[in-house]
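Subject: Structure handover and notes

Dear colleague,

I am passing on the structure below, together with my notes on what was found in it. Please read the notes with the structure open beside them.

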Amino acid sequence: FERRYGLRYAEPDLLIRFLDPATQQRLGFPCDVLSLPLHTLGVWEHNITSVLIVENKVNLLTVPPGSFEIAMGGMGNGVTLLRHVPWLTSARIWYWGDLDVDGLAILSSVRAILPHAESVFMDEAAMTAWRHLAVTGTGRVPSNPPHLTTSERGAFRDCASHNLRIEQERIPQAAVIDAFSSLRMSPH
């Protein structure tokens, strides 16, 4: 109704966390965690080159500082809203979600919008390393997501055939710190 008649409406807010203090200072934000309306985020003027998109808000708040310039998340299937944030097409993007059929389907949705997005802890190697942390999945088996790498498709098949879910918050923080420190705002 609001859009149809040109009225203002409440837009979705996206949670943003600065992981690089220099970027936060350069852009003049007094806090390192904030929410921005989708439209504001879409027209934001900056030079951010590395972004981590996280499915879970708790994990967003525990990502080690310095690993990326910013992290955003807590959107779940709402990641399709990122199509309204055009500057993401020129940033290096990583996605980290639950390692299950739903999380991998969300990763595929991210790649439909941002084909250059890379994943973290969402492939066969992660499935092997963290399988002992798996719980029973939802039992839902969506069609094969089209925008996954070979290793991610292998993890999808494993999760689907064994009804497994490795929730991202179950991965030990020490492993998260190690993995993200190797990514450290690396250039394209």
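Is the crossing of H4 and H6 left-handed or right-handed? Please bear in mind throughout that this is a predicted model. The crossing of these two helices is left-handed. The axes of H4 and helix H6, the latter made of residues 150-162, come within 9 Å and cross at roughly 150 degrees. An angle over 145 degrees counts as roughly antiparallel, and therefore H4 is described as roughly antiparallel to H6. On the H4 side the contact is made by Val-101, Leu-104, Leu-107 and Arg-111, while H6 contributes Glu-152, Ala-155, Phe-156, Cys-159 and Ala-160. Divided by character, the residues of this contact are seven nonpolar, no polar and two charged.

Arg-111 deserves a closer look, as a member of that contact. Arg-111 is found in helix H4, which covers residues 101-113, and because its relative accessible area is 9%, Arg-111 is buried. Not counting residues up to four places away in sequence, Arg-111 touches Ala-117, Glu-118 and Ser-119, and also His-147, Leu-148, Thr-149 and Glu-152.

Staying with H6, two further residues of this helix can be set side by side. Asp-158 has its place in helix H6 and, at 17% relative accessibility, counts as buried, whereas Ser-161, which also lies in helix H6, counts as exposed at 56%. Once neighbours within four places in sequence are left aside, Asp-158 is in contact with Met-127, Arg-131, Asn-163 and Leu-164. As for Ser-161, its C-alpha is 48 Å in space from that of Arg-26, the two residues being 135 residues apart in sequence.

Asn-163, one of the contacts of Asp-158, is placed in the loop between H6 and strand S8, the strand being residues 164-165. Although it is not a glycine, Asn-163 has a positive phi of about 50 degrees, and its relative accessibility of 27% makes it count as partly exposed. A positive phi in a residue other than glycine is also found at Phe-121, where the value is near 60 degrees. Phe-121 sits in the loop between strand S6 (118-119) and H5, and with a relative accessible area of 14% Phe-121 is buried. If you check backbone geometry, these two residues may be a convenient place to begin.

How are the buried residues of H7 arranged, seen down the axis of the helix? Helix H7 is made of residues 173-183, and Ala-175, Val-176, Phe-180 and Leu-183 are buried in it. Viewed down the axis, the buried residues of H7 fall within an arc of 120 degrees, so they line one face of the helix. The face turned away from that buried side carries the exposed residues Ala-174, Asp-178 and Ser-182. The packing partners of the buried residues of H7 are strand S3 (50-54), strand S5 (92-96) and helix H5 (124-130).

Helix H5 also holds Thr-128, which counts as exposed at 66% relative accessibility. From C-alpha to C-alpha, Thr-128 and Pro-21 are 35 Å apart in space, with their positions 107 residues apart in sequence.

Two residues from other helices complete these notes. Asn-59 is found in helix H3, residues 57-62, and counts as buried at 5% relative accessibility. Leaving aside neighbours within four places in sequence, Asn-59 is in contact with Val-54, Trp-96, Gln-168 and Glu-169. Asn-59 and Gly-73, which are 14 residues apart in sequence, have their C-alpha atoms 8.9 Å apart in space. Gln-25, by contrast, is exposed, with a relative accessible area of 67%, and is found in helix H1, residues 21-27. The C-alpha atoms of Gln-25 and Pro-145 are separated by 39 Å, the two residues being 120 residues apart along the chain.

With best regards

Terms used:
Residues are numbered from 1 along each chain as its sequence is written. This is a predicted model: local features need pLDDT of at least 70, side-chain atom pairs count only at pLDDT 80 or more; totals for chains, interfaces and linings use all residues. Side-chain values use heavy atoms; hydrogens and water are left out. Helices (H or I, at least four residues) and strands (E, at least two) are DSSP runs, numbered from the N terminus. Buried means under 20% relative accessible area, exposed over 50%, partly exposed in between (1.4 Å probe, protein chains only). Contact means heavy atoms within 4.5 Å. The arc is that of the directions from the helix axis to the C-beta atoms. Axes are lines fitted to C-alpha atoms, for helices over the stretch in contact, and angles run from 0 to 180 degrees between N-to-C directions. Angles under 35 degrees count as roughly parallel, over 145 as roughly antiparallel, 65 to 115 as roughly perpendicular and the rest as oblique. A crossing is left-handed if the near helix is turned anticlockwise from the far one by less than a right angle, and right-handed if clockwise. Ala, Val, Leu, Ile, Met, Phe, Trp, Tyr, Cys and Pro count as nonpolar, Asp, Glu, Lys and Arg as charged, and the others, Gly among them, as polar.
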